[in-house]
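User: I am new to this structure and should be grateful for a close look at a single part of it. Please take the two domains of one chain and explain how they are arranged and built.

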Amino acid sequence: MLNRTADSVARATPEPLARRVRGISDKGLAWLFISPTILLLLAINIFPLFWAIYLSFTNYRANRPNEVVKNLGLSNYKRILGDQDIWIAMQTTAHFVFWTILLQTLIGFTLAWLIDRKFRGHAFWTTIILVPMMLSPAVVGNFWRFLYEPQIGLFAYAISFVSGIPPTDIQMLSNVSLAPWSIIIVDTWMWTPYVMLICLAGLRSIPEYIYEAAEVDRASNWRQFWSITLPMALPFIMLAVLFRGIENFKMFDMVNLLTGGGPGSTTEVASITLKRQAFESWRTGYSSAFAIILFVAVFGLANIYVKALNKVKQR
Amino acid sequence: MSLTTAHSVVAPSANAKLIAGTIIVAYALISIVPLLWIFATSFKTPPDSIAYPPKVVFQLSIEGYCNLFTTRTRQTPEYINSLGPATGFCDETVRKRNMVIAGPSNFLPRFVNSLIIAFGSTFCAVFLGTLSAYGFSRFKVPLADDLLFFILSTRMMPPIAVAIPIYLMYRELGLSDTALGMILLYTAVNVSLAVWLLKGFIDEIPREYEEAAMIDGYTRLQAFWRTVLPQATTGIAATAIFCLIFAWNEYAFAALLTSGTAQTAPPFIPTIIGEGGQDWPAVAAGTTIFLVPILVFTILLRKQLLRGITFGAVRK
Amino acid sequence: MKSTLKLTLGLASAMLASTAVSNVAHAEDLTLCWAAWDPANALVELSKDFTKESGIGMKFEFVPWTNYADRFLNELNSKGKLCDLIIGDSQWIGGAAENGHYVKLNDFFDKEKISMDDFVPATVVGYSEWPKNSPNYWALPAMGDVVGWTYRKDWFSKPELQKEFKEKYGWDLAAPTTFDQLKQIAEFFQKREIDGKTVYGASIYTERGSEGITMGAMDVLYSFGFKYENPEKPYEMDGFVNSEKSVKGLEFYKALYDCCTPPGASNSYMGEGVDAFKSGQVAMHMNFAFTWPGLQKDENVGGDKIGYFANPKGPDGDQFAQLGGQGISVVSYSDKQESALKYIKWFANKDVQAKWWSLGGFSCLNAVVKDPNFPASQPYAQTFLDSMAIVKDFWAEPSYAPLLQASQKRFHDYVVAGQGSAKDALDGLVKDWTQVFQDDGKM
């Protein structure tokens with residue numbers, strides 16, 4: 001992560017000093033301080049994870065506690081990877097992640113760049129822009145259903161006011177081709193400020209003297225943007241993309257309340273499929289296998305990405 | 001990006017500022033409209049809320065708030081007249097719609113659950129997080145990098161995936177639908193954020209202070225208590241608010257692992273319905289009450305925001 | 001920041017303290033779980049009498065239909081103690097009985113001399129028995145319900161519309177008796193201007209998340225000749241679920257959705273249906289009978305303006321309707337089963353059942369519905385009786401949830417999202433259902 005070079009320096013505890021201390025030894029204290037956290041995480045994160053791995057090889061169903069649990073080997077995994085509906089859900093997720101990240105990065109960076117012009121009152125307006133991302137995606141997502149209603153909804157009304165299309169034809173949640181965009185719009189509305197904030201930090205981390213040197217060299221503003229601003233802000237942009245990517249890959253609450261995966265299965269992202277299998281059909285073993293696959297996918301993609309990020313930073 | 005031509009380093013030109021300012025203000029205003037609409041809808045009558053075209057000017061009413069806190073049943077005028085006089089403002093309002101108040105709604109208990117679970121888990125996460133962060137910051141911990149990464153990675157799991165085994169585990173332990181179960185779970189999720197953030201804050205506190213204290217005869221524990229903690233207060237407060245916001249807003253776990261006794265407000269608010277579908281003024285009223293604390297925190301927090309939402313990876 | 005933190009904590013603790021006082025529940029209170037809908041609110045009103053008589057307080061946990069199965073099956077599966085009494089949906093009975101969620105009521109019925117012969121037979125089979133048609137009772141029929149239709153009598157009786165309709169279709173505009181007629185009426189009203197407002201033909205079930213579109217499509221499919229399985233050979237579905245007649249039925253449902261529903265009605269179930277009808281948007285409205293008392297009392301569309309009709313006949317003259325409704329059960333994880341049984345005993349009482357009907361509930365007690373005054377007691381009473389005589393229900397198997405999910409997906413993908421053909425959807429459904437029964441070891 002960024003700005004963490006100081007860590008290695010800080011970690012060297014001065015030995016002679018430590019030895020003189022009375023009471024608990026430093027080592028003891030260290031473990032005393034750290035172990036409760038580790039224990040909690042072992043109990044609530046790691047143990048359940050291993051349990052889920054075990055379940056993923058069985059036909060266990062949580063609503064049939066009395067049934068004999070059979071070991072199925074890899075057949076759950078085979079079934080998932082061969083299931084067309086699962087692949088469609090993965091594609092839907094990919095579509096959602098791709099467009100939200102693209103839009104949020106473009107708009108977020110532009111906003112950050114504009115705010116960095118430091119016009120009067122920029123601090124106040126920045127705070128206003130930040131508000132949507134602090135709210136509960138579930139509670140606010142639910143309200144967007146109202147805004148999207150044809151006729152009575154404000155969104156449809158505003159769009160028809162601008163475009164002249166009758167508001168009854170703007171069926172954001174019912175139209176098969178519009179529904180995927182309805183969730184992209186809400187996500188972009190909520191999380192663009194997030195990307196903006198990180199980009200802003202990136203822009204502000206660029207030392208003034210680099211621009212001053214460029215001015216001396218008579219580099220055009222355009223050139224300055226492409227050869228100084230963008231490359232130097234890139235690690236920050238990539239970090240924002242990483243965080244948003246992970247979050248949207250596991251997106252559940254907003255989509256669940258807004259479209260519930262519909263119409264048909266057009267907005268059924270992976271988490272919705274998983275929830276249906278796990279908590280409605282109660283195919284616990286099967287859905288555990290799906291959960292593991294998702295986890296491995298996020299983890300793998302994130303790791304590859306972090307490697308790329310580190311390369312960019314080293315340049 | 002054509003605006004780049006107006007870009008000047010040392011001081012952007014007045015024109016550039018004006019254009020930038022206009023765009024930002026316009027964006028801010030548009031992005032705040034849905035929230036204003038929630039607020040406005042909470043003060044509309046049900047017919048006004050679903051009027052076409054949407055009403056910007058409307059009769060102020062607190063019916064939405066009445067409906068939020070009560071359950072009502074539609075009855076004949078004869079039955080209503082047989083009940084005796086209305087007992088309060090809300091009673092009077094609903095009787096005008098041929099309804100009687102059957103009893104209180106579950107909104108208040110759910111809101112209280114939200115408070116208990118969010119504050120409880122925040123306290124635990126910050127407490128554990130502070131200790132661990134200090135441990136990682138000041139001592140040589142074997143495999144420290146791996147442990148830290150492990151702590152962070154716990155937040156990468158899709159919540160539904162985590163919920164499957166937790167559901168089974170809680171069922172065996174009797175923790176399903178209990179505040180304790182939710183506090184433990186949110187603590188576990190939040191502690192990763194707390195450790196990362198607080199480690200950053202504690203790293204910034206010069207260790208010379210503690211060393212000086214220890215030379216004066218304090219033990220390490222006393223030194224931690226007397227010198228490190230007071231200096232980390234800002235960091236701890238910021239971390240606490242971030243943990244609080246997560247726990248306050250969380251939906252997936254709450255929807256799957258609680259059903260009533262310990263259910264929080266986020267899964268409850270979308271289930272507020274009237275006689276037909278959602279009772280939008282009541283939903284808006286519940287949403288408004290639910291959002292106000294977070295709005296206040298956002299404004300208080302704006303300086304620490306960046307650090308919190310990026311796990312301390314970016315600092316201003 | 002320090003002071004703000006203190007302030008926040010102080011504020012929070014003050015709020016906790018103030019609400020904790022009001023939130024103390026009596027240990028003896030019973031919690032009853034049901035769906036959030038009109039009858040539930042009427043039950044709250046009714047239950048005040050129980051509290052008066054017994055001194056036992058009642059608390060209620062109501063969840064909207066779209067979350068109802070999800071939430072309470074989750075609660076039962078987690079062995080939760082939230083609900084002492086539950087009014088669970090008819091399809092849950094198999095799973096709830098086999099997995100021990102409900103207390104078996106046979107002994108209690110014998111002891112209290114409650115006889116299932118006193119209740120409408122279809123409701124006893126539908127809401128209480130598992131296995132079906134065996135004297136094993138897990139619930140007391142609490143709320144009879146069935147899918148039927150309401151229509152705008154005032155619009156149907158407008159002379160100018162009657163004249164125009166007759167010219168166009170050759171028969172008198174009236175409540176339809178066949179699905180063909182229903183569709184003609186719906187087409188006739190679609191996008192028509194009435195009293196200065198654009199109105200639409202019909203509101204039908206299209207909800208995706210829980211059970212909506214299945215209930216609606218099945219309600220039509222039954223009368224077209226759909227069968228769940230070979231009557232001779234259980235679980236043989238090929239040629240019955242996806243028979244030619246079923247395909248016709250599903251195509252009809254899609255045609256109805258495409259031509260005659262209000263804009264944006266792609267995810268509508270009971271609540272949205274009520275809203276559409278109450279706001280004067282639609283001429284006809286498919287919904288469970290529970291919505292009728294509320295609509296009858298509505299200031300804008302109730303009274304003389306509303307009429308009711310039972311599900312119409314299919315092309316071959318078959319006439320069925322989707323069963324709704326629930327029985328009331330005691331949850332086996334509850335610590336207060338004795339008080340809960342007291343409630344059921346009280347609820348089974350004839351006078352209580354009569355008041356239940358008058359407050360807007362649908363009693364299943366013969367003494368109430370077979371009363372000679374019953375058909376005239378409410379404008380919808382006769383339609384309710386007619387509809388209850390033709391009911392069919394979805395699978396009540398322990399695996400009902402995956403069966404339902406398959407049909408939700410197949411129907412919604414075809415009817416609303418317009419993917420594939422009706423034949424594809426039903427063939428796919430046979431495949432999905434076969435898989436479920438194979439996983440269960442029943443095939």
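Analyst: In this predicted model, the C-alpha centres of domain 1 and domain 2 of chain C lie 27 Å apart. Domain 1 of chain C comprises residues 29-145 together with 325-392, and domain 2 of chain C comprises residues 147-322 together with 397-439. Each domain is therefore given as two stretches of chain C, according to an automatic or database domain assignment.

Where the two domains touch, 27 residues of domain 1 of chain C are in contact with 29 residues of domain 2 of chain C. On the side of domain 1 that touches domain 2, the elements of chain C that give two or more residues are helix H2 (38-54), helix H3 (65-77), helix H4 (93-98), helix H18 (381-388) and strand E12 (391-392). H3(C) provides the largest share of this side, with 5 residues. By class, the residues on this side of domain 1 of chain C comprise 13 nonpolar, 8 polar and 6 charged.

Two of these helices, H2(C) and H3(C), also pack against a sheet of chain C, which merits description in its own right. The sheet is open and consists of 5 strands in the order E2-E1-E3-E11-E4 (chain C), with mixed pairing. At its edges stand strand E2 (58-63) and strand E4 (140-143) of chain C, each of which pairs on one side only. From one strand to the next, the twist averages 30°.

Strands of a sheet pair through backbone hydrogen bonds, in either a parallel or an antiparallel manner. In the present sheet, strand E1 (residues 30-35) of chain C runs parallel to E2(C), and 6 bridges join the two. Within this pair, Trp34(C) stands opposite Phe62(C), a residue of E2(C).

The packing of the two helices may now be added to this picture. H2(C) touches E1, E2 and E4 of chain C, and its direction makes about 170° with that of E2(C). H3(C) lies across E1, E2 and strand E3 (85-89) of chain C and runs at about 110° to E2(C). To summarise, H2(C) and H3(C) both give residues to the side of domain 1 that touches domain 2 of chain C, while H2(C) packs on the sheet and H3(C) lies across three of its strands, E1, E2 and E3 of chain C.

How values were computed
Residues numbered from 1 in each chain as written. Chains lettered and ligands numbered in written order. Predicted model: local features only at pLDDT ≥ 70, side-chain atom pairs only at ≥ 80, totals over all residues. Contact = placed C-beta atoms within 7 Å. Helix = DSSP H or I, 4+ residues; strand = E, 2+ residues; numbered from the N terminus. Nonpolar A, V, L, I, M, F, W, Y, C, P; charged D, E, K, R; others polar. Pairing = 2+ DSSP bridges. Axes fitted to C-alpha atoms, helices over the stretch in contact; angles between N-to-C directions.
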